[in-house]
Amino acid sequence: MERAGLGSLRPVADATAAHWVVRGVRPFADHVVTSLVPVGFDAYAVLVHAADSADSEPRQGSLPAAQADRLVRVLRRFTSTTDCYFAVWDGFARSAVPPTATVAMPERTMPLLRGPLVEAATVSMAVAPGDQSPSLWWPADRAWCVATDVDLTTTYVGGSQACVDAVVTASGLAAWPVDGGHGIAWV
C-alpha cells in the first residue's frame, strides 16, 4: 500500500481545535508517552513500525501505510465521527502542505489539516515520491489521539481502555499497552 498526495485533506484556518492536544502534553524533555499524546486518556499503547523489507530497519518518523490502514480500521469503532484533524512535522511538510494554521507542539511545529479518518492511511504529507504519515491525528470528538514523532520508530495511541485493548489485540499492528509515563527511547 502506497500513499499519494494530500487526498481530500484541507487546510485549517484556525488551530483552536488543536489547543487541547498542546495543553495536554507533558514537557518534551520528560521523554514519556504523554510528551507526545495528551494526558487524560484511560489507556495508551505503543506500535512498533514495520520494516519496509526483510533486511531493513523499522520506519523512522512515519507509520507504514499498511499499519496505518489496520489502525484506522480499529480506531473508527471508537469515535462517533469520521471528521479528523491531521498534523505533520513542518520539516516533512515543506512544499507538500498548503499554507495553514499550525500546531505549536513542544519542539515540533506542525501544519494542521482536516479531513476524513480514512486519509490517515492513504495520504502522504511529504512531496512526492515521499511517503509520510501524519505525525499527529485525532477525531473531532477527541475520543483518541495518535502520535508518531519524527525521531521514533514507534507510534503512540491514547484512548479509552476498550480502544487500546482493541489496538493491542489487532492483527498486524505489533502493539502493546504502556503507561502514559512510560519512557521513550529516541533514535
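Okay, let's start with a pairing: L136 in β6 has A147 in β7 as its bridge partner. One caveat before I go on, this is a predicted model.

So, the strands around that pair. β6 and β7, residues 145-147, run antiparallel and are joined by two bridges. Together β6 and β7 make a hairpin with five residues between the strands, and in that hairpin R142 takes a positive phi near 60°.

Now the other neighbour. Strand β3, residues 83-87, also runs antiparallel to β6, with four bridges joining them. If you want one pair to click on there, F86 has W137 in β6 as its bridge partner.

Which way do the side chains of β6 point? L136 and W138 go one way, W137 and P139 go the other way, and all of them are buried. That fits the textbook picture: in a regular strand, side chains alternate between the two faces of the sheet.

Next, step back to S135. You'll find S135 in the loop between α4, residues 119-122, and β6, residues 136-139. Is S135 buried or exposed? Buried, because its relative accessibility is 3%, and the cut-off for buried is under 20%.

And what does the side chain of S135 reach? The backbone nitrogen of W89, at 3.0 Å. Leaving out residues up to four places away in sequence, S135 touches A87, V88 and W89, then M110, and also V146, A147 and T148. A147 should sound familiar, since that's the bridge partner of L136 we opened with.

That's my tour, over to you.

Definitions and conventions:
Residues are numbered from 1 along each chain as its sequence is written. This is a predicted model: local features need pLDDT of at least 70, side-chain atom pairs count only at pLDDT 80 or more; totals for chains, interfaces and linings use all residues. Side-chain values use heavy atoms; hydrogens and water are left out. Buried means under 20% relative accessible area, exposed over 50%, partly exposed in between (1.4 Å probe, protein chains only). A polar contact is a pair of N or O atoms within 3.5 Å; within protein, one must be able to donate a hydrogen and the other to accept it, and residues adjacent in sequence count only if both atoms are side-chain atoms. Contact means heavy atoms within 4.5 Å. Two strands pair if DSSP finds at least two bridges between them.
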